[in-house]
Amino acid sequence: MTATTEGLHHVTAIAGDPQKNIDFYIRGLGLRLVKKTVNFDDPGTYHLYYGDESGRPGTLMTFFPWRGIQPGRIGAGQSTSTAFSVPAGSLGWWVDHFASVGAQARITSTSSSEERLLVHDPDGLQIELVATHEHDPRDPWDSASVPAEHAIRGQHSSVLTVRDAESTIGLMVNDLGMRIVEEEGNRTRLAAGDGMPGALVDVHASTLAPTGLTAGGTVHHIAFRVPDQATQQQWRDELASKGHRVTEILDRQYFTSIYFREPGGVLFEIATDTPGFAIDEPLLELGRSLKLPPWLEPSREQIERAVIPVQLPEENNPEVAA
């Protein structure tokens with residue numbers, strides 16, 4: 001491989017009620033809604049992006065919310081858990097905080113290398129907070145809901161559950177440029193770039209897990225970072241030459257993307273770091289307005305009638321809330 005990834009760009013999941021989603025991820029997790037747009041392939045529903053102050057790649061979690069959607073089934077062929085990085089010693093605070101917003105959370109492991117807390121969002125999506133003694137240099141979003149000393153720094157890792165781990169791991173090493181850094185039982189950890197939080201993927205091999213059903217409360221796809229479109233094109237050409245069925249480069253307004261499925265069935269995206277979320281609204285006002293790409297602007301009135309009205313908590317834009 002001549003093109004490699006530096007780590008996770010974002011994770012995209014499917015939700016139900018968009019207001020419940022907004023309230024949980026802003027007030028519960030303390031993230032910032034950095035873009036309220038629509039699903040470009042189905043503009044009758046939102047595409048909501050959460051992250052740090054500016055929505056830097058590696059901090060992002062995004063959702064397609066369809067009110068009334070049937071629950072999915074978490075299982076093989078999916079990313080089955082999404083983990084965020086938090087400071088060491090903060091999980092006790094998070095247990096109390098989640099209780100205060102009506103979410104049950106529990107600490108699931110306390111090994112010498114990392115502590116993990118499990119919580120489910122309003123649609124049953126599995127979210128983990130991971131605290132390690134390794135310093136995460138990323139600055140948190142200064143949220144009114146979560147003090148900086150406990151706040152999320154960005155993505156930590158994603159878990160992929162697959163039947164044939166060897167094929168999935170082979171693709172990630174040979175085609176994504178990642179490396180194996182840890183093996184324990186039926187779980188293999190791979191790292192990209194500097195191997196810091198946000199550049200990690202755990203592959204979980206399971207012949208007993210049910211086949212995943214992608215619907216409410218499940219991950220739709222995970223995306224890996226690439227710096228620019230020229231590198232993305234190079235990567236697409238290399239993947240296609242190896243027989244992968246890769247989409248054309250698609251314009252997602254805030255980045256460009258290609259998609260393909262790895263051998264275990266998980267949908268992968270490769271997304272550019274540029275141009276970012278401040279190209280169509282000021283940094284202080286990110287997420288306040290419904291933003292549409294130029295090709296959907298002629299349909300704005302119809303789209304605004306179709307999407308469900310939502311209220312954005314004031315803490316998302318504290319300097320312009322009034």
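Which residues touch the most other members of the largest nonpolar core? They are Tyr 25, Leu 29, Phe 98, Leu 129, Met 172 and Phe 268, in a core that holds 66 residues. By a nonpolar core I mean a set of buried Ala, Val, Leu, Ile, Met, Phe, Trp, Tyr and Cys residues joined through side-chain atoms within 4.5 Å, where buried stands for under 20% relative accessible area, exposed for over 50% and partly exposed for what lies in between, with a 1.4 Å probe and protein chains only.

Before going on, I should say that this is a predicted model, in which local features need pLDDT of at least 70 and side-chain atom pairs count only at pLDDT 80 or more, while totals for chains, interfaces and linings use all residues. Residues are numbered from 1 along each chain as its sequence is written, and side-chain values use heavy atoms, with hydrogens and water left out.

Take Met 172 from that core: leaving aside its neighbours within four places in sequence, Met 172 is in contact (heavy atoms within 4.5 Å) with Leu 160, Gly 177, Met 178, Leu 190, Val 201, Val 203, Phe 224 and Phe 268. There is also a second, separate core of nine residues, among them Leu 60, Ala 223, Ala 271 and Leu 286.

Let me turn to the aromatic rings, which count as a pair if their centres lie within 6.5 Å, using the six-membered ring of Trp, and which are called stacked with planes under 30 degrees apart, edge-to-face over 60 and tilted for the rest. The structure holds 15 aromatic pairs. In one of them, the rings of Phe 40 and Trp 295 have centres 5.5 Å apart and planes at 80°, so this pair is edge-to-face. Phe 40 sits in the loop between β2 (32-39) and β3 (42-51), and Trp 295 in the loop between β16 (267-272) and α5 (300-306), so that the pair links parts of the chain 255 residues apart; the helices (H or I, at least four residues) and strands (E, at least two) are DSSP runs, numbered from the N terminus. Phe 40 is buried, with a relative accessible area of 15%, whereas Trp 295 is partly exposed at 42%.

A further edge-to-face pair is made by Tyr 49 and Phe 255, with ring centres 6.2 Å apart and planes at 70°. Tyr 49 lies in strand β3 and Phe 255 in the loop between β14 and β15, 206 residues apart. Tyr 49 is buried at 4% relative accessibility, and Phe 255 is buried at 2%.

That loop between β14 (250-251) and β15 (256-261) also carries Gln 253, which counts as buried because its relative accessibility is 14%. Which residues does Gln 253 contact, leaving aside its neighbours within four places in sequence? They are Phe 40, Pro 275, Ile 279, Asp 280, Pro 293, Pro 294 and Trp 295, so both rings of the Phe 40 and Trp 295 pair appear in that list. The C-alpha atoms of Gln 253 and Phe 40 are separated by 9.6 Å, although the two residues are 213 residues apart along the chain.

Elsewhere, one aromatic cluster is formed by Phe 24, Tyr 25, Tyr 50, Phe 63, Trp 93, Trp 94 and Phe 98. Tyr 25 and Phe 98, as we heard at the start, are also among the residues that touch the most other members of the largest nonpolar core.
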